[in-house]
Amino acid sequence: MAVSGSPKEKKVWFCTSCGNESPKWMGKCPYCGEWNTLVEKSVVTGKGPAKRSAAARASDRKPVSINEVDSTSDVRRSLGNAEMDRILGGGLVEGSLVLIGGEPGIGKSTLSLQIPLHCPEMKTLYVSGEESSRQVKMRASRLGGDASNCFILCETMMERVLEEARELQPDLMVVDSVQTMFTETVETSPGSVSQIKEVAAILLRFAKESGIPVILIGHITKDGYIAGPKILEHIVDVVLQFEGDNRGAYRILRSIKNRFGSTSELAVFEMTGTGLREVSNPSELLIPMHDQSLSGTAIAAMLDGNRPFMFEVQALVSSAVYGTAQRSATGFDVRRLNMLLAVLEKRAGFKLGAKDVFLNMAGGLKISDPACDLAVVASVLSSSFDFALPPDICFAGEVGLSGEIRPVSQADRRVSESARLGFRKIYISSFTTLGSKPEGIEVVKVADIPALVRGLFR
Ligand code: TYD
Ligand code: MG
């Protein structure tokens with residue numbers, strides 16, 4: 001084959017909001033619809049045919065039958081942290097690139113430093129582009145554990161990082177964070193879309209070639225985008241997202257993408273003075289410990305990821321002080337709250353139009369499971385009547401626009417979790433069919449809101 005051409009430099013336009021690439025400038029990004037976000041970047045294309053044909057010669061890949069593929073080579077390593085192992089699908093796979101995303105201050109650095117400290121048989125290289133080695137050391141001494149096999153490198157240039165990693169040959173590499181790293185091959189400054197893409201691609205190549213798993217930390221913006229949406233998610237093998245209120249103690253680590261396991265996994269951690277503590281039974285923390293009930297609280301049997309857990313919904317209904325009634329919800333969609341209040345007004349005759357309604361989810365959790373509707377309605381009614389619900393009842397049901405209570409997914413698991421935690425009664429939709437007869441708990445089936453009111457406040 002004729003040898004011709006050399007690497008070419010090409011101008012492209014990147015959207016700073018979503019990372020979409022387009023060949024020419026436009027006022028509005030066709031992908032995310034944002035205005036004035038396209039910036040010009042130069043990228044190097046084509047490594048030249050000479051190089052490519054050498055690479056092609058070196059590769060001896062041929063199609064093979066799936067049955068003949070050796071699957072035992074998927075070596076998993078336990079991280080000494082049961083919650084982390086579970087969320088990764090049974091441990092960290094060799095040569096995988098795991099992205100941990102989350103808002104600043106949520107605990108990404110804490111978690112990724114805690115893993116090697118609590119797993120000292122694993123030699124770890126912790127690359128920090130954000131903190132000095134003294135700061136990392138201070139954090140490490142707070143976290144406890146054995147730091148003898150954990151090496152810190154404060155460096156932001158990728159080429160140097162890889163040089164050190166090849167020399168040290170660690171069992172795990174942590175890079176904190178993708179936004180601070182840069183590579184010489186791209187001209188732009190660290191944190192720009194093209195740098196982030198290239199840094200992630202370099203790390204992926206490194207992980208695959210060396211077999212060393214890499215944990216990459218990425219900051220996320222308020223609207224949940226990891227450095228402009230989706231630009232990293234398709235490059236990495238696993239995406240874990242840290243959620244929670246940084247003021248609250250509980251943090252949820254959710255698996256959004258996992259090439260080696262299920263994405264319906266979720267782990268709960270509590271931020272303590274000495275780092276993150278695994279919470280193996282979240283329900284026990286999220287439901288009140290006091291025996292006597294207060295009006296305005298109700299317990300929801302929720303399912304998040306694959307995990308059932310119970311938590312307390314709190315509502316406060318009071319007469320509006322100002323002209324228009326206020327509606328506010330923490331951890332719950334306020335539009336959904338408004339919808340539920342409208343259903344209560346229209347379908348069950350409760351006049352809540354002139355009332356302020358405040359809603360709060362325990363533990364700073366953000367709830368999106370529609371099965372919590374019934375607990376929200378029960379807590380609003382309880383506060384409105386100033387009538388405390390018995391402490392041993394809980395709820396799982398979605399409320400429809402006509403006031404009907406609709407069945408929820410995996411009702412059996414919710415019922416058995418409630419029974420396990422000592423609840424005596426659970427309210428569910430009358431359209432639910434339970435697989436087995438639950439033991440130790442009375443299941444009350446309600447068809448609509450009036451039926452719920454009759455059941456609770458007769
Ligand atoms: P950090 O891991 O630095 O967050 P991120 O890397 O996601 O930006 O830590 C977040 C917060 O956790 C910080 O405000 C201090 C707090 N923290 C504790 O409460 N206990 C601890 O043991 C540590 C190390 C941090
Ligand atoms: Mg950090």
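In this predicted model, T124 has L172 as its bridge partner in strand β9. That pairing belongs to a set of five bridges which join β7, covering residues 124–128, to β9, covering residues 172–176, and the two strands run parallel.

Both strands are part of an open sheet of nine strands with mixed pairing, in which the order reads β8-β7-β9-β10-β6-β11-β12-β13-β14. The edges are formed by β8 (150–153) and β14 (275–278), and because each has a single partner strand, one side of each is left without a neighbour in the sheet. From one strand to the next, the twist averages 25 degrees. Helix α4, made up of residues 133–143, lies across β7, β8 and β14, and its direction is at about 150 degrees to β8.

Turning to the aromatic side chains, the count of ring pairs comes to five. One of them is formed by F385 and F457, whose ring centres are 4.8 Å apart and whose planes meet at 80 degrees; since an angle over 60 degrees counts as edge-to-face, the pair is of that kind. This contact links distant parts of the chain, as F385 lies in helix α9 (residues 373–385) and F457 in helix α11 (residues 449–457), with their positions 72 residues apart in numbering. Ring pairs also link these two residues with F350 and F387 into a cluster.

The two partners are listed below with their accessibility.

| Residue | Helix | Relative accessible area | Class |
|---|---|---|---|
| F385 | α9 (residues 373–385) | 36% | partly exposed |
| F457 | α11 (residues 449–457) | 16% | buried |

F457 counts as buried because its 16% falls under the 20% limit, whereas F385, at 36%, is partly exposed.

Conventions. Residues are numbered from 1 along each chain as its sequence is written. Chains are lettered from A and ligands numbered from 1 in the order in which they are written. This is a predicted model: local features need pLDDT of at least 70, side-chain atom pairs count only at pLDDT 80 or more; totals for chains, interfaces and linings use all residues. Side-chain values use heavy atoms; hydrogens and water are left out. Two strands pair if DSSP finds at least two bridges between them. Helices (H or I, at least four residues) and strands (E, at least two) are DSSP runs, numbered from the N terminus. Axes are lines fitted to C-alpha atoms, for helices over the stretch in contact, and angles run from 0 to 180 degrees between N-to-C directions. Contact means heavy atoms within 4.5 Å. Rings of Phe, Tyr and Trp (its six-membered ring) pair if their centres lie within 6.5 Å; planes under 30 degrees apart count as stacked, over 60 as edge-to-face and the rest as tilted. Buried means under 20% relative accessible area, exposed over 50%, partly exposed in between (1.4 Å probe, protein chains only).
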